[in-house]
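Here is my notebook from a pleasant session with this model. I kept the entries short and in the order in which I looked things up.

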Amino acid sequence: MKNEIIQRFVSYVKINTQSDENSTTCPSTEGQLTLANQLVEELKAIGMTDASIDENGYVMATLPANTEKKVPTIGFLAHVDTATDFTGKGVNPQIIEQFDGSDLVLNGAANVVLGKKDFPSLSNYIGHTIITTDGTTLLGADNKAGIAEIMTAMDYLIKHPEIKHGKIRVAFTPDEEIGRGPHKFDVEKFNADYAYTMDGGPIGELQYESFNAAGLKLTFRGTNIHPGTAKGTMVNAAKIAMEFHSALPADEAPELTEGYEGFYHLLSFQGDVEETKLAYIIRDFERENFEARKALVEKIVADLREKYGQDRIAIDMNDQYYNMREKIEPVKEIVDIASDAMKNLDIEPIVSPIRGGTDGSQLSYMGLPTPNIFTGGENFHGPYEFISVDNMEKAVHVIAEICKLFEERAE
Ligand SMILES: [Zn+2]
């Protein structure tokens, strides 16, 4: 099975599918459509039924039930796009068999070395087949590993009809990395009771808690006067912006928080005396704290408006997604089944909150409860990204085992 996984994965990562926040189309980039169309053909070739792509580039397909029992319909999802943080053009995957734990010089010229000094978790992969970049691009294991795993699992179930399962749906979706993945996802057409995204990191990861998330944009307007004659007239927008930032709790920043701690993250600060713009993201696991964070922002803005004038500050604050736990806890058995599936395969489930969001965060609120499962990759979104093929194979078996357990536990 390993060769099959490698073949699929390599063929996917060679297509540049980086999404683009500045694009208004769906998918945001052409490359995503190229891969999506290739996936439709592959789904048909392995024997999936009604494989299709819609006008927005969402790929869906079905594996019909092979049991008489009434089993819930389960979906598996992965996203076709790759991150915008680092280039995904010209990915040249390096396959290392029987990894011996020694430092891997990915790119000698640029001194890009994947070694245990910076990445101690590498020692978990001794003896594995791992796939790395050549140091000049990201790898795209996020999330093409998920696609390869779902595809291989469906192929495996088709070739092993003795494994009984209910109706299975798969979907490959665009633009997750720019937060638009679920925006045009047709939940009704997908018609699954529950789903899993195969979009996590190291083996064992199982996640059903995400941040509550908001985006915040502030524009400060000043009055620029020659500094020699500015007394009493000049209003410095950059300084009001600094005053705003100083009023936020200094220790509630991403670089100072972990686990269940939330934060305000200053993404960008651009401006001058005349006009200054700040962009933030606000994150918290608890809904109440999340609301309190947004209320604090509004309070600081109100105070500064009081001080400098109502029209000096424009605020644009929007919720982006919510903690999926609220929607998954009532159907916790779907987490338990994933956890049991891992245990049956001697994988220790690592249930931890995601300090971020997945497509599942939004899908769960659209009526499709969707926890997240490991792919086996690490260091996503940059040149140090790598993945263990051994653990991808385990992910394939986890998918098959989940399908099997839902059947076994049905009436
Ligand atoms: Zn991802």
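**Entry 1: a glutamate and its partners**

I began with E42, whose side chain makes a polar contact of 2.5 Å with the side chain of R8. By polar contact I mean a pair of N or O atoms within 3.5 Å; within protein, one must be able to donate a hydrogen and the other to accept it, and residues adjacent in sequence count only if both atoms are side-chain atoms.

A note on ground rules: this is a predicted model, where local features need pLDDT of at least 70, side-chain atom pairs count only at pLDDT 80 or more, and totals for chains, interfaces and linings use all residues. Residues are numbered from 1 along each chain as its sequence is written, and side-chain values use heavy atoms, with hydrogens and water left out.

I found E42 in helix 2 (residues 30-46). Helices (H or I, at least four residues) and strands (E, at least two) are DSSP runs, numbered from the N terminus. E42 is buried, at a relative accessible area of 16%. Buried means under 20% relative accessible area, exposed over 50%, and partly exposed in between, with a 1.4 Å probe and protein chains only.

What does E42 touch, leaving aside residues up to four places away in sequence? I listed R8, Y12 and M151, taking contact as heavy atoms within 4.5 Å. E42 and M151 are 109 residues apart in sequence, yet their C-alpha atoms are 8.4 Å apart in space.

**Entry 2: the zinc site**

Next I looked up the protein donors of the zinc ion: H79 through NE2, D142 through OD, and D199 through OD, listed twice, at 1.9 to 2.6 Å. Donors here are N, O and S atoms within 2.8 Å of the metal (3.2 Å for Na, K and Ca); water is not among the atoms, so sites may look incomplete.

Why do I call the arrangement irregular? The four donor atoms subtend angles of 52 to 145° around the zinc ion, which makes it so. For reference, four donors count as tetrahedral if all angles lie between 85 and 135 degrees; four count as square planar and six as octahedral if opposite donors are over 155 degrees apart and all others between 65 and 115; anything else is irregular.

I wrote the donor spacing in sequence as H-x62-D-x56-D. H79 sits in strand 3 (residues 74-79) and D199 in strand 9 (residues 194-200), so this pair ties together parts 120 residues apart in sequence. H79 is buried at 1% relative accessible area, and D199 is buried at 12%.

**Entry 3: empty space**

I then searched for voids. On a 1 Å grid over the protein atoms alone, a cavity is a set of points where a 1.4 Å probe fits but cannot get out, and a pocket is an open set with protein on both sides within 12 Å along at least five of seven lines; lining residues have an atom within 4 Å of a point. Grid points are joined across faces, edges and corners, and a volume is the space filled by probe spheres set on the points.

I found one cavity of 30 Å³ or more, and the largest cavity has a volume of about 50 Å³. Its lining includes the zinc donors H79 and D199, and N143 is also among the lining residues. Strand 3 gives the most to this lining, with three residues.

The largest pocket holds about 1,700 Å³ of space. Of its 46 lining residues, E177, I178, G179, R283 and Y321 are the closest to its centre.

**Entry 4: backbone oddities**

Which residues does a cis peptide bond with omega of about 15° join? I noted D142 and N143, and N143 belongs to helix 3 (residues 141-159). Another cis peptide bond joins C26 and P27, with omega about -5°; P27 is in the loop between helix 1 (2-13) and helix 2.

I also noted a positive phi near 25° at D50, a residue other than glycine. D50 is in strand 1 (residues 49-53) and counts as exposed at 52% relative accessibility.

**Entry 5: an arginine with two acidic partners**

Last, I visited R325 in helix 7 (residues 325-328), which is buried at 18% relative accessible area. Its side chain makes polar contacts with the side chains of E209 at 2.6 Å and E286 at 3.5 Å.
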